[in-house]
Amino acid sequence: MYNKGMAEKVLQFDEKVLLGELNNLEKVLLPRASYISLNKAVFDARIRLQDEAKNRFKRVSGFTLSQFKYEKPVSKGKTLEASVFITPRITKGNAPSKYLAPQIYGGMAYRTRFQRALEQSQRYIGRDSKPILDPDKIMSPVVKISPRTYSKIAGQMRGLSKPKDKRYFYMGDKSVKKSGYKKGIYMRQNKKLKFILKEIDTPSYVSKFKYFDYAKDEVTRSFKKNLLEQLKRT
């Protein structure tokens, strides 16, 4: 049981230690029983991790929940191996394992591709002329934002498009000094402004999502329970 792209932890089971003396029928049933039980154990661990994420995070998307994965058991010599992990990389976007790492280990919030793009974007609207975002700042969403909208905002901040309506723009120190607005990114639509992203200090997290503990507890509980059921010892 491990997590690709992050620290790995291995949990080992020895059927002889768990079960003690086996009768002849149990010896025949054991290989299939072990496979079924381990497969159910990693599946249950995935569900447990998703449930814990729902309970411990204020906002968690369906996409994030879907990145808790498991791999079915495979035989390696005399050992049967299976895994539980968080997706280590995706073609476009932020690697879920890196994005969730501060919640698991503690530390500064992960700088997403969007945040890094703003560090390279000039404040071409308003009276500011330096990059939109400093390395110690992030943009925190005020409203729910889709991945497509993030891409659109980043493109407009970099000057790749300048639509007449539904236009996103940044308000920095000079822009908000007398206006009463907060620093961040706004959308102008039908001559009205809507606050989209608020500029804040990069937050630091303490470890609150005990990924390895949840996975270990669930795999251990489920494997033992199902192995006994498969061997009809209950």
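The axes of helix H2 (residues 24-56) and helix H8 (residues 211-230) come within 7 Å of each other and cross at roughly 145°. This is a predicted model, so every value here was computed from predicted coordinates. Two packed helices are usually summed up by just these two things, the angle between their axes and the distance between the axes. There is also a handedness to report: H2 passes H8 in a right-handed crossing. As for what sits in the contact of H2 with H8, the residues split into 13 nonpolar, five polar and eight charged.

Next come the nonpolar residues. In soluble globular proteins, nonpolar side chains tend to be buried together. The largest nonpolar core here has 27 residues. Within that core, the residues with the most contacts are Leu 49, Phe 68, Ile 104, Phe 209, Tyr 211 and Leu 227. Four elements give two or more residues to this core, namely H2, strand S2 (79-86), helix H4 (96-105) and H8. The largest share comes from H2, with eight residues. A second core, separate from this one, has 15 residues, and Leu 118, Ile 132, Leu 133 and Ile 145 are among them.

Now for the charged side chains. The structure holds 12 salt bridges. Some of the charged residues join up into a network of salt bridges, made of Lys 40, Asp 44, Arg 48, Glu 52, Arg 56, Glu 218 and Arg 221. Two pairs from H2 show how parts of the network are put together. In one pair, the side chains of Lys 40 and Asp 44 meet in a salt bridge, at 2.8 Å from N to O. Both of these residues lie in helix H2, four residues apart, which is about one turn of the helix. Lys 40 is partly exposed, with a relative accessible area of 35%. Asp 44 counts as buried because its relative accessibility is 11%, and the cut-off for buried is under 20%.

The other pair is Glu 52 with Arg 56, whose closest N and O atoms are 2.8 Å apart in a salt bridge. Glu 52 and Arg 56 are separated by about one helical turn because they are four residues apart in helix H2. Here too the two partners can be placed by their accessibility: Glu 52 counts as buried at 11%, while Arg 56 counts as partly exposed at 39%.

Another salt bridge is found between the side chains of Asp 173 and Lys 183, at 3.0 Å from N to O. This pair links distant parts of the chain, with Asp 173 in helix H7 (residues 173-176) and Lys 183 in the loop between H7 and S6, 10 residues apart. Asp 173 counts as partly exposed, at 44% relative accessibility. Lys 183 also counts as partly exposed, at 24%.

On to the strands. An open sheet of four strands has the order S4-S7-S6-S5, and the pairing is antiparallel. Strand S4 (137-141) and S5 stand at the edges with a single partner strand each, so one side of each has no neighbour in the sheet. On average, neighbouring strands of this sheet are turned by 30° against each other, ignoring direction. Looking at one pairing in detail, S6 and S7 run antiparallel and are joined by six bridges. For Met 187, the bridge partner in S7 is Lys 194.

Finally, two lysines stand out for their backbone angles. Most residues other than glycine have a negative phi. Lys 191, though not a glycine, has a positive phi of about 65°. Lys 191 lies in the loop between strand S6 (184-189) and strand S7 (192-201). With a relative accessible area of 83%, Lys 191 is exposed, since exposed means over 50%. Lys 166 is not a glycine either, and has a positive phi of about 55°. This residue, Lys 166, is found in the loop between helix H6 (147-157) and strand S5 (167-171). Lys 166 is partly exposed, with a relative accessible area of 42%.

Methods
Residues are numbered from 1 along each chain as its sequence is written. This is a predicted model: local features need pLDDT of at least 70, side-chain atom pairs count only at pLDDT 80 or more; totals for chains, interfaces and linings use all residues. Side-chain values use heavy atoms; hydrogens and water are left out. Buried means under 20% relative accessible area, exposed over 50%, partly exposed in between (1.4 Å probe, protein chains only). Axes are lines fitted to C-alpha atoms, for helices over the stretch in contact, and angles run from 0 to 180 degrees between N-to-C directions. A crossing is left-handed if the near helix is turned anticlockwise from the far one by less than a right angle, and right-handed if clockwise. Ala, Val, Leu, Ile, Met, Phe, Trp, Tyr, Cys and Pro count as nonpolar, Asp, Glu, Lys and Arg as charged, and the others, Gly among them, as polar. A salt bridge is a side-chain nitrogen of Lys or Arg within 4 Å of a carboxyl oxygen of Asp or Glu. A nonpolar core is a set of buried Ala, Val, Leu, Ile, Met, Phe, Trp, Tyr and Cys residues joined through side-chain atoms within 4.5 Å. Two strands pair if DSSP finds at least two bridges between them.
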